[in-house]
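This report considers one pocket, the nonpolar cores and one loop residue of the structure shown below.

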Amino acid sequence: YDPLTRRAFVVNAGSATVDVLDLRDPSNPTKVGSLDVVADLAPRSVGAANSLDTRFGILAVAVEADPKQDDGYIAFYSTITLRLLGVAPAGALPDMITFSENGRYVLTANEGEPDTTYTNDPEGTVTIVDLLRLGQHGFSRTVRFTDFNVGGPRNAELPSAVRIYGPGASVAQDLEPEYITTDGETAWVTLQENNAIAVIDLKTARVKKIFALGFKDHSLPQNKLDASDRDDAINIANWPVFGMYQPDAIETFQHKGKRYLITANEGDSRDYDAFSEEARVKNLDLDPAAFPNADDLQEDEAIGRLTVTTALGDANGDGNFEKLFVLGGRSFSIWNAETGVLVFDSGAELEQIIGNLLPDEFNSNHEVNDSLDNRSDNKGPEPEGLALGKVKGKLYAFLGLERIGGILVLDVSDPSSPLFVDYLNNRHFRDAAGEPIATCAEFDPPDSDDIGDCVRSNSAAGDLGPEGIKFVPAAHSPTHKPLLVVGNEVSGTTTVYELH
């Protein structure tokens with residue numbers, strides 16, 4: 001959102017463009033143009049625009065190359081004239097972009113994903129563009145993780161719990177930056193697949209440290225989860241498995257002089273033609289000493305269909321799993337920004353809230369209605385997007401749930417004890433007669449290359465798959481009241497909420 005023009009800029013990944021929406025009347029957003037990033041960056045080989053941010057009338061867009069294993073780009077536009085101002089280099093697959101808090105730097109999280117054959121696996125990196133040095137030597141710097149490679153000068157600093165497991169990958173190749181938040185001269189970067197966070201000094205473009213986030217014990221009373229999509233019930237219970245937090249979005253805030261991080265613990269796996277870590281519990285050999293009741297656990301109605309990683313859990317390599325690790329935390333967490341110590345985790349609260357408020361749609365998929373319990377075996381509601389903002393003096397977190405949809409509103413004024421406030425969901429599950437509203441999955445092959453167009457052809461289903469969330473403070477809002485702008489990747493819709 002650009003307060004100078006009162007325009008919202010929305011990535012349209014399906015067409016590799018950026019849509020421009022006039023929000024001077026937020027109750028009636030109007031599309032006033034679009035940016036053709038592929039044409040503007042020609043003759044460069046461009047894949048798609050992935051992310052964007054604005055500051056001081058400048059729009060910065062993260063653009064992946066084609067193929068996406070090649071180094072990508074940062075395209076700068078004027079939010080007023082919509083003209084291309086310039087292009088800076090980025091690393092492989094710049095997946096998220098942000099201005100630093102003071103507006104001096106533009107940063108991209110360059111994920112560096114491998115190709116499907118795992119023969120081309122670029123390094124994950126972070127790009128830092130210093131806007132005060134544009135045009136000068138070194139205005140764009142790359143933060144690399146090569147010092148943490150085996151044999152590198154900082155390898156001993158890498159916590160053992162950081163997941164490094166890609167076939168034949170070095171540490172630098174295996175680390176995949178996902179999302180960035182900044183405060184002062186420091187950036188925190190989620191390394192999602194690796195279940196870690198990197199801390200970066202913006203002045204020196206150097207990694208200060210890497211935090212391993214550890215694991216969530218789902219056998220503890222507060223950490224229950226619904227683990228089966230075949231039990232025809234909401235069954236949020238304790239099971240002998242561990243969760244990997246694996247956050248996507250991350251934000252930072254201060255409270256009583258201390259800095260904190262808040263993360264949306266979505267979870268993500270490596271699932272390629274040449275290598276996949278995913279397996280269902282029922283297809284694994286469980287260690288009889290660790291799981292004496294293995295036969296019961298591996299029933300579909302228990303945790304037999306629960307998706308776990310095969311990259312952890314078989315410590316002695318004998319083919320029998322002594323521990324089971326699921327993808328994602330099904331939660332949001334708050335961490336001490338200086339030490340990486342966990343301050344708060346929402347435990348089972350997200351699934352419990354959805355089970356209470358939408359029992360007939362619990363853990364639905366984001367592509368089809370009438371899909372009760374569909375995602376219980378794999379990451380549940382899948383918290384992904386996140387934004388922070390103050391309303392009437394209180395600090396709130398707005399947490400997007402990718403699968404069932406909607407935004408949870410949480411009062412995080414006390415980092416050690418956040419409070420659930422509200423749940424906003426503009427998805428329409430059923431019509432007036434109580435029948436499921438059709439979405440794309442009913443009338444288009446699920447492997448369609450253009451599933452978005454299919455969903456958009458039936459807007460009756462409302463918003464599906466919230467991805468990007470932007471908080472607009474009252475001082476920047478055309479209504480002088482805070483706004484929340486949400487981009488929904490599956491339905492291709494943009495929704496504006498006014499907050500009171």
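A pocket is an open set of points on a 1 Å grid over the protein atoms alone, where a 1.4 Å probe fits, with protein on both sides within 12 Å along at least five of seven lines; its lining residues have an atom within 4 Å of a point. The model is predicted, with local features requiring pLDDT of at least 70 and side-chain atom pairs pLDDT 80 or more, while totals for chains, interfaces and linings use all residues. Residues are numbered from 1 along each chain, and side-chain values use heavy atoms, without hydrogens and water.

The second largest pocket is lined by V391, K392, Y396, F398, V409, V421, D422, L424, E498, L499 and H500. Strand β30 (419–424) contributes the most to this lining, with 3 residues.

The largest nonpolar core (buried Ala, Val, Leu, Ile, Met, Phe, Trp, Tyr and Cys residues joined through side-chain atoms within 4.5 Å) has 60 residues, of which I128, F145, I210 and I262 touch the most other members. Strand β14 (residues 196–201) supplies the largest share of this core, 5 residues. A separate second core of 19 residues includes A227, V281, F321 and V326.

S477 lies in the loop between β31 (466–472) and β32 (483–488). S477 counts as buried (under 20% relative accessible area) because its relative accessibility is 1%. Two distances for its side chain are tabulated below.

| Side chain | Partner | Distance |
|---|---|---|
| S477 | T479 side chain | 3.0 Å |
| S477 | K481 backbone oxygen | 2.7 Å |

Notes:
Helices (H or I, at least four residues) and strands (E, at least two) are DSSP runs, numbered from the N terminus. Buried means under 20% relative accessible area, exposed over 50%, partly exposed in between (1.4 Å probe, protein chains only). A polar contact is a pair of N or O atoms within 3.5 Å; within protein, one must be able to donate a hydrogen and the other to accept it, and residues adjacent in sequence count only if both atoms are side-chain atoms.
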